[in-house]
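Student: Please give me a close look at a single part of this structure, with its terms explained as they arise.

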Amino acid sequence: MIIKGNFLYTSSIDEFVVKEQVYLVVKDGKIEDFYETLPTEYAEEKITDYGTAIIIPAFNDLHIHAPQLINRGVGFDKELLPWLETYTFPVEAKYQDMAFADRAYKLFLNRLWAVGTMRFSAFATLHKEATWHFMELTEQSGLSAYIGKVNMDRNSPDILCEKTDVSLAETEELIVKCNEELKHVNYILTPRFVPSTTEEMMTGLGKLGEKYDLPVQSHLSENRSEVAWVKELHPTIKTYTDVYNEFGLMRQDKTIMAHSIYLSEEEKALLAEKGVMLAHCAQSNADLSSGVMPLRKNLEMGLRCCIASDIAGSHTPDMNRHIAASIELSKINWLSHPEEKALQLPEALFLATKQSGSFFGKVGSFEKGYDFDALVIETDEMNGMLPRTPFEKLEQYIYDGDDRNILARYCKGAYVTKPFELS
């Protein structure tokens, strides 16, 4: 596959690359090389020319609650814990109805496709059948994902509170089935968060992680009330982070922890040592009055951080809007913490593409050997009457673009069309 166009990507958080009107050769779904003039060996190959459009790496969202997309924008006058009880849990309970789950998950996958999120790591619900169906639908969609059945066996509504042994058995059943039958979906252990999982549950999940060499996703230090609650539940364990580590749920280089706002220096040192990916959810943290992650400080400490959506703690799955929100929140934070330099757009793009993509392997850049995951974007509404540089087009898309600006989507080198038609 040979594509001609204007390519923009980040090879590191400090290096932003723009290649204008060049040819990109993709072989077996992976980046081969760029050429200003095509070698003669490619003279007879078909070329897809995207003209003045820009081509960027597709987005990867490492923290998203798939069942809650249909709940977006609802209940944000409440803080985290009351919001969960009033809105989140009642909606998730509906996923025991397979017809409801089928439509909701198809809507979710269609929306992620539309907004250019080609890979994601998602919380499902605790329902085994609905979670498996979600995995199958994702496999069919052309997208790629980590998906986990949520585990909850305490401090949850009766309809969403599992028996520990049943939850662990169903989790293992899904792990085995996923490994045997799916190519584009991988299993990720998903304890909802410490308050909703007993020590027995966390111990069992830790053992499954070791047995099957699995990644883990959960929440960490999102809200002050939540942090205090964890301390009440585990008074003999020093910190929230240590609770996960105690039960084998801080797996080396295989763990995603969302939010991570209220962390001690000791916790940050452990997270850095374990190579944990911290999913920064700026819009969600503002919507639910949770707080501000000191993103710049964390990056300077060498912590792995990425930008994620946290639907429906946030009000949109559009990753361009989360890039913008992360930049905006960092600017507000800079006003009161001038030592923490505000985030720049190329840095934020890195966190939503190559950094988040690293959880999947060589994903999120246009460097040689990387999977070709890409979005083709055009923001020109004046038909060339107001010239814009490729970077200016990127800026307009990040701050005001939507799915109408995306001309084409690629995942693993394949052109991806809308997954499902719904009436």
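Tutor: Two strands pair if DSSP finds at least two bridges between them; strands are DSSP runs of E with at least two residues, numbered from the N terminus. This is a predicted model, in which local features need pLDDT of at least 70 and side-chain atom pairs count only at pLDDT 80 or more, while totals for chains, interfaces and linings use all residues. Residues are numbered from 1 along each chain as its sequence is written, and side-chain values use heavy atoms, with hydrogens and water left out.

The part chosen is strand 11, which spans residues 216–220. Strand 11 runs parallel to strand 12 (residues 255–259), and five bridges join the two. At one point along this pairing, L220 of strand 11 faces H259 of strand 12.

Five of the five residues of strand 11 are buried (under 20% relative accessible area, with a 1.4 Å probe and protein chains only). Strand 11 is therefore largely enclosed by the rest of the structure. In a regular strand the side chains alternate between the two faces of the sheet. In strand 11, V216, S218 and L220 lie on one side, Q217 and H219 lie on the other, and both faces are covered.

For context, another pairing may be set beside this one. Strand 6 (residues 117–123) and strand 7 (residues 144–148) also run parallel and are joined by five bridges, with S121 opposite Y146 of strand 7. Strands 6 and 7 belong to an open sheet of four strands in the order 5-6-7-9, with parallel pairing. Its edge strands are strand 5 (59–65) and strand 9 (185–187), each of which pairs on one side only.

Definitions and conventions. Buried means under 20% relative accessible area, exposed over 50%, partly exposed in between (1.4 Å probe, protein chains only).
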